[in-house]
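Student: I should like to learn how to read the features of a protein model. Could you please guide me through one, step by step?

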Amino acid sequence: MKLRKKQPQPEVVSGYDYSDREARERTAYALFRRAKNARTAVETEWERYNDYYNGIHDVTRDLTEFCRENDIPWLPASVPDPYILVESQIEPTVPQPEFRGRDDDLDSTMAKRREFAVRYIAENNRLSDMNTRNERRLLKLGDAFWKAYWDEDMRCGEARGDIRVSDIPVEAVFPDPAVRGGSVQDGQYLDYVYRIHKVRFAQMFRAELEELGITAEETLSEDYVPRSEIFDMTSALNDTDDTVQVLEHWFRQPVETTADGETVPAGAVACSIQAGGHELRYIPNYWRRTGAQNTLFPFVHYWRIQDENRFWNKSELSAVLDLVD
């Protein structure tokens with residue numbers, strides 16, 4: 001039997017070049033634009049679900065416009081069924097974890113320690129307060145997300161730093177469009193875009209901005225998403241908004257690489273934090289300190305009614321919109 005000669009691994013994969021800062025900036029922006037364009041269709045669905053939840057229905061809108069055009073002083077009635085359907089099913093209580101060991105000796109003791117650790121994290125992060133928001137997103141839009149990460153600003157007794165768990169708005173997540181079904185863990189990359197006040201931004205990234213020779217004001221010049229929120233029905237943000245858009249580009253290393261004198265294996269979870277088209281921080285191996293071979297993004301994606309044909313799942317409202325009209 002003739003053995004095949006092992007082919008050398010390429011230094012980069014086409015379209016996924018993370019070899020240096022400039023390459024990461026180009027790659028992250030190109031992949032983000034691809035993910036954003038692929039999400040356009042589902043954003044239209046989200047806007048419709050949100051309108052019906054807030055009492056703005058297709059029939060109501062048409063009748064209102066007709067009356068306004070013909071100077072008829074009448075406003076049509078609005079059926080609140082979508083709002084009631086969502087709010088009546090929200091379960092704010094977070095399920096309590098229970099760990100059981102596989103024997104009656106050491107493993108049971110360790111299982112209890114793990115249970116207490118999880119209970120502490122849930123209580124310390126006030127998950128019950130955030131769970132209502134995620135339950136509403138889950139029912140109204142079909143999906144919800146949590147992000148779990150290490151936060152240096154949290155206090156743990158006299159020490160600094162602790163595990164932070166936060167609810168992530170659905171509209172802030174841009175998954176790899178190559179994923180047709182499943183969750184964020186099935187993709188090669190995941191983009192998370194959020195806004196932060198420029199004063200706080202300048203404090204958090206002071207050293208990085210000084211190294212790049214730019215100011216927080218310069219990062220305001222380039223936005224990743226329009227400043228008008230998807231679900232904002234009262235006002236639109238304009239150039240007087242003092243927030244900076246931050247892009248967290250999470251990805252798995254496509255090939256084995258070297259960073260800070262250490263070898264980073266292919267598949268390791270990495271993150272490039274960018275703003276205004278500039279990379280501020282680069283984490284080549286996010287789980288390095290844990291000593292575990294973890295290849296999961298620090299995001300939890302869950303749903304109620306799964307759509308097996310696409311990444312985004314079905315809203316509880318999808319079956320009642322026509323009946324409401």
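Tutor: Let us begin with the overall build. The protein chain has 9 helices and 10 strands. Please keep in mind that this is a predicted model.

Student: What box do the C-alpha atoms of the protein chain fill, and what percentage of the residues count as buried?

Tutor: Taken along the principal axes, the box is roughly 80 × 60 × 60 Å. The chain has 325 residues, and 39% of these count as buried.

Student: Which residues have the most contacts inside the largest nonpolar core?

Tutor: A nonpolar core is a set of buried nonpolar residues joined through their side-chain atoms. In this model the largest such core has 32 residues, and those with the most contacts inside it are Phe145, Ile168, Phe201, Leu209, Phe299 and Trp312. Two or more residues are given to this core by each of α2 (40–53), β4 (189–197), β5 (243–252) and β8 (269–275). Strand β8 provides the largest share, 4 residues.

Student: Now I should like to turn to charged side chains. How many salt bridges does a search of the whole structure find?

Tutor: The general idea is that side chains of opposite charge can pair when their charged atoms come close. A search of the whole structure finds 21 salt bridges. One of them joins the side chains of arginine 310 and glutamate 45, with an N to O distance of 3.0 Å.

Student: Where in the chain are arginine 310 and glutamate 45?

Tutor: They belong to distant parts of the chain, 265 residues apart. Arginine 310 is in the loop between β10 (299–303) and α9 (321–324), whereas glutamate 45 is in helix α2. Arginine 310 counts as partly exposed because its relative accessibility is 26%. Glutamate 45, with a relative accessible area of 28%, is also partly exposed.

Student: Which aspartate forms a salt bridge with arginine 310, and is that aspartate buried or exposed?

Tutor: The partner is aspartate 307, and the closest N and O atoms are 3.5 Å apart. Aspartate 307 has a relative accessibility of 13%, so it counts as buried; the cut-off for buried is under 20%. Through shared partners, salt bridges join Glu45, Asp307 and Arg310 into one network.

Student: How far apart in helix α8 are arginine 206 and glutamate 210?

Tutor: Their side chains meet in a salt bridge of 3.7 Å, N to O. The two residues are separated by about one helical turn, because they are 4 residues apart in helix α8 (residues 206–212). Both arginine 206 and glutamate 210 are exposed.

Student: Let us move to the surface. Which residues form a negative surface patch?

Tutor: A charged patch gathers like charges on residues that form no salt bridge. Here Asp62, Glu65, Glu69, Asp322 and Asp325 form a negative patch. Helix α3 (residues 58–69) gives the most to the patch, with 3 residues. Aspartate 62 is found in helix α3, and it counts as partly exposed because its relative accessibility is 49%.

Student: Which residues make the nonpolar surface patch, and where does tryptophan 74 lie?

Tutor: The nonpolar patch is made by Val59, Leu63, Phe66, Ile72 and Trp74, and its area is about 450 Å². Tryptophan 74 lies in the loop between α3 and α4 (81–87). With a relative accessible area of 46%, tryptophan 74 is partly exposed.

Definitions and conventions
Residues numbered from 1 in each chain as written. Predicted model: local features only at pLDDT ≥ 70, side-chain atom pairs only at ≥ 80, totals over all residues. Heavy atoms only, no water. Patch = residues over 30% accessible without salt bridge, like charges linked within 9 Å, V, L, I, M, F, W, Y side chains within 5 Å. Areas by Shrake-Rupley, 256 points an atom, 1.4 Å probe, with all protein chains shown as cover. Salt bridge = Lys/Arg side-chain N within 4 Å of Asp/Glu carboxyl O. Lys, Arg positive; Asp, Glu negative; His and termini not counted. Charge placed at Lys NZ, Arg CZ, Asp CG, Glu CD. Buried < 20%, exposed > 50% of the residue type's maximum accessible area, 1.4 Å probe, protein only. Core = buried A, V, L, I, M, F, W, Y, C linked by side-chain atoms within 4.5 Å.
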